[in-house]
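Open the structure in your viewer and keep the selection tool at hand. The stops below go from one selection to the next.

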Amino acid sequence: MMFAIEEINNSTELLPGIKLGYQIYDTCASGLVATHVAFQQLNGQDPVFYQDNNCSQSDAIVAVVGDSSSTPSISFSRIIGPFNIPQVSHFATCSCLSDKQQFPTFFRTIPSDQFQADALAKLVKHFGWTWIGAVRSDSDYGNYGMASFLAAAQREGICVEYSVSFFRTDPRSKIKRVADVIRRSTAKVVVAFTATGETSVLLEELARGPPSPRQWVGTESWSTDSLLMSYSFCAGAIGVAIQQSVIPGLRNFLLRLPPTEVAASSVLTEFWEDAFNCTLTKSADPEKRACDGTQDMDTLQSPYTDTTQLRVTNMVYKAVYAIAHAIHNAICQKTNFTTECEKNIRLEPKQVLTEIKKVKFSRNGYPVSFDANGDPVAFYELVNWQKSERGVIELVTVGYYDASLPKGQEFHINRNISWVESNTQVPVSLCSKRCLPGTHKILQKGKPICCYDCIPCPEGEISNMTDSPDCLPCPSELWPNAQRDACFPKPVEFLSYDEVLAIILAAFSVSGACLAIITTAIFFHHRTTPIVRANNSELSFLLLFSLTLCFLCSLTFIGAPSDWSCMLRYTAFGITFVLCISCVLGKTVVVLMAFKATLPGSNVMKWFGPPQQRMTVVLFTFIQVVICTVWLLLSPPFPMKNLSTYKEKIILECALGSAVGFWAVLGYIGLLAVFCFVLAVLARKLPDNFNEAKLITFSMLIFCAVWLTFIPAYVSSPGKLTVAVEIFAILASSFGLILCIFAPKCFFILFQPEKNSKKFLLDKHKNKGSEIGN
């Protein structure tokens with residue numbers, strides 16, 4: 001402060017012709033002493049010191065620099081505030097001092113602890129530490145600062161295992177309890193919002209026992225204190241610090257300390273005697289020699305002469321210049337090329353207070369200004385305690401924190417950091433291990449949010465990031481992989497031609513069609529024989545044709561469904577089966593009519609001859625064609641992705657469109673089949689060596705049994721098995737018809753041709769069956 005005032009008094013630009021005076025007090029870091037000093041100043045009991053005796057006037061103080069601690073600054077500001085005397089502190093960082101309603105005249109050149117708390121919380125978050133311990137000084141600095149830090153830490157999702165406070169004058173038992181809390185904790189990171197005095201006491205206590213390794217995170221109060229670096233277990237500590245600075249000319253000023261000035265000050269006398277190990281006064285200690293005047297400040301190596309680590313010192317420098325600029329703006333005016341100041345004006349503290357709010361200047365490259373709360377722009381250096389090759393802990397600047405930068409860009413780290421126990425890897429401090437992708441966090445009951453269990457995502461859901469709080473369901477057409485950390489398209493399932501089941505069914509379908517064609521060829525080759533003629537060859541050929549179509553229509557059910565295949569498979573199935581059953585029904589009616597025709601006086605066959613038989617088949621088939629046409633026009637079948645049957649795959653199937661249309665087609669086939677079965681049962685005992693009624697009865701019995709079984713199987717079969725059930729029903733009923741009706745006849749035609757004669761048919765059992773031919 002003295003150096004800055006000397007610079008200002010010798011300046012021709014700032015307050016030209018005006019000399020500033022000052023008085024220095026020591027508050028001893030005590031609120032009571034600060035209160036006493038404040039009243040002294042307000043009462044004007046102490047004379048103001050001037051650098052020379054040429055002052056034109058001696059007046060009351062207009063501004064105050066200090067204090068170095070928050071608690072004395074609070075006491076001081078509450079007293080001088082009502083008198084509008086501005087106070088500019090260089091090291092009082094309590095966030096409470098930013099309250100302009102309580103402290104309207106308080107300003108500072110060091111950032112508020114609110115900024116420091118935010119910086120520390122973001123620093124802890126930056127390195128991924130979510131489980132920490134917190135230690136604070138039991139003072140306004142520590143309590144307010146830690147409260148701000150804990151609030152910022154909560155916003156960043158950081159949990160605190162413990163938060164303890166103490167003061168350096170507390171009993172050793174309390175200090176020991178705090179040290180034991182740190183030793184027993186599971187948190188590997190300790191944030192210490194403590195003053196230098198408290199930090200020293202705590203580290204001394206920790207050094208007494210086996211100190212478990214901890215990563216220390218410090219505030220600007222102690223993170224640059226070289227005396228604390230003697231505790232080797234703190235190597236790797238990281239913290240925020242006031243920006244390092246250079247003040248030109250300060251070292252020469254410090255070395256220019258005349259012995260007369262030293263002798264006049266008890267503080268300087270104590271400093272001189274301690275630095276040179278001599279005494280300026282008579283001492284009872286015989287080991288101390290008298291200071292003989294040969295002591296040279298240039299040779300002294302002490303923190304006093306070391307100006308390479310100026311941090312808080314620069315804050316004092318800026319505070320003095322801020323007050324000087326405010327006074328300059330209040331009493332000086334620039335005219336043309338010169339600046340003139342009113343020397344006889346009575347300067348009021350309120351004028352300085354008004355101007356200090358508006359000051360904005362730069363000195364030695366360091367900007368100075370105050371916001372609405374009296375705080376400067378927050379800028380911190382990041383410092384790291386690194387062990388050198390000599391094994392000595394050294395302070396290394398590894399980056400900076402600039403609160404004026406956009407969110408997320410405040411930190412800049414430009415050097416490697418040495419961590420606790422000289423590790424090069426960032427230490428881990430978590431309450432619970434990180435939850436890997438594919439799992440999510442479930443909080444442990446009664447514990448902070450950082451303590452959780454990792455639970456695998458439920459079926460159908462994923463988490464694709466670490467420590468996910470929830471799992472997200474995959475879209476409807478996607479499904480999680482085995483790790484449940486990504487969604488992939490569900491496999492699409494349908495009865496494909498490359499599957500074994502489809503190949504088997506297709507083989508049976510083609511085999512059945514071939515069997516029907518071979519049967520047709522046999523019948524055609526033996527079309528003039530009695531067995532073929534006796535079984536109504538025209539209806540037989542039509543029946544074989546329809547059976548061929550029935551076998552082949554099952555192929556339309558295999559493969560990926562499309563608009564045309566869905567419409568074709570159901571309509572082809574419905575029409576061909578009605579055609580088939582109509583032919584069987586016609587043959588059954590022919591058998592009944594033929595028996596009636598053999599009765600005396602009966603001419604019933606003229607009413608059911610070949611033309612009528614053809615008309616019956618056409619009529620029954622036409623009705624089914626109409627049903628299918630209405631179905632296709634109103635609500636036809638269409639391909640659909642079935643997402644509900646299976647969660648993990650998509651079933652590509654044909655939706656019915658209209659369930660009424662489907663059951664109408666199926667019901668009509670069933671109605672004709674039942675009617676045909678009833679007629680066949682009635683005709684089964686009619687005398688005939690090759691009575692078709694018996695064969696039709698068996699075939700229709702199989703047909704009805706197959707389709708009655710099909711209904712529950714169709715409803716209950718999932719996915720592509722539904723299609724397989726449909727194909728199986730078609731093939732089973734078709735094979736039942738062709739084997740029951742045509743197999744016995746082909747056997748006699750091929751292997752017992754002697755029975756394929758009119759005589760055998762009429763005479764062997766003296767049947768009264770009649771030959772009905774074309």
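The tour covers two nonpolar cores, a surface patch, some salt bridges, two buried residues and a few backbone details.

This is a predicted model, in which local features need pLDDT of at least 70 and side-chain atom pairs count only at pLDDT 80 or more, while totals for chains, interfaces and linings use all residues. Residues are numbered from 1 along each chain as its sequence is written, and side-chain values use heavy atoms, with hydrogens and water left out.

**Stop 1: the largest nonpolar core**

Select F573, M700, F703 and W707. These are the residues with the most contacts inside the largest nonpolar core, which has 74 residues. A nonpolar core here is a set of buried Ala, Val, Leu, Ile, Met, Phe, Trp, Tyr and Cys residues joined through side-chain atoms within 4.5 Å. Buried means under 20% relative accessible area, exposed over 50%, and partly exposed in between, with a 1.4 Å probe and protein chains only.

Now colour the helices. Those that each supply at least two residues of this core are α13 (500-525), α14 (530-534), α15 (537-553), α16 (563-597), α17, α18 (659-683), α19 (692-716) and α20 (720-751). Helix α20 gives the most, with 16 residues. Helices (H or I, at least four residues) and strands (E, at least two) are DSSP runs, numbered from the N terminus.

Centre on W707. Not counting residues up to four places away in sequence, W707 touches F573, F577, L666, A729, I730 and S733; contact means heavy atoms within 4.5 Å.

For the second core, which is separate and has 38 residues, select V88, Y321, I323 and L347, which are among its members.

**Stop 2: a nonpolar patch on the surface**

Select F622, V626, V630, L633 and L634. Together they form a nonpolar surface patch with about 540 Å² of accessible area. Patches are made of residues with over 30% relative accessible area and no salt bridge, with like charges joined within 9 Å and nonpolar side chains (Val, Leu, Ile, Met, Phe, Trp, Tyr) within 5 Å. Accessible areas come from the Shrake-Rupley method with a 1.4 Å probe, and for residues only the protein chains shown count as cover. V626 is in helix α17 (residues 610-634) and is partly exposed, at 36% relative accessibility.

**Stop 3: salt bridges**

The whole structure holds 21 salt bridges, each a side-chain nitrogen of Lys or Arg within 4 Å of a carboxyl oxygen of Asp or Glu. Show the side chains of D170 and K174, which form one of them (3.6 Å, N to O). K174 is partly exposed, at 25% relative accessible area.

Next, select E205 and R208, whose side chains form a salt bridge of 2.8 Å, N to O. Because these two residues are three apart in helix α7 (residues 196-208), about one helical turn separates them. E205 is buried at 3% relative accessibility, whereas R208 is partly exposed at 49%.

Then move to E381 and R311, whose salt bridge is 2.9 Å, N to O. E381 is in strand β15 (residues 379-387) and R311 in the loop between β10 (289-290) and α11 (312-331), so the pair ties together parts that are 70 residues apart in sequence. Are these two partners buried or exposed? E381 is buried at 10% relative accessible area, and R311 is buried at 5%. Add R172 and E204 to E205 and R208: salt bridges with shared partners join these four into one network.

**Stop 4: W131 and S432**

Select W131 in strand β4 (residues 131-137). W131 is buried, at 7% relative accessible area. Its side chain makes a polar contact of 2.8 Å with the side chain of T186. A polar contact is a pair of N or O atoms within 3.5 Å; within protein, one must be able to donate a hydrogen and the other to accept it, and residues adjacent in sequence count only if both atoms are side-chain atoms. Beyond four places in sequence, W131 touches residues including C159, K188, C450 and C451.

Shift to S432, in the loop between β17 (411-413) and β18 (439-443). S432 is buried at 9% relative accessible area. A polar atom of the S432 side chain lies 2.9 Å from the backbone nitrogen of Y452.

**Stop 5: backbone details**

Select G66 and D67: the peptide bond from G66 to D67 is cis, with omega near 0°. D67 is in the loop between β1 (64-65) and α3 (70-80).

Finish at C28, where phi is near 55°, a positive value in a residue other than glycine. C28 is in the loop between α1 (2-9) and α2 (31-43) and is exposed, at 55% relative accessibility.
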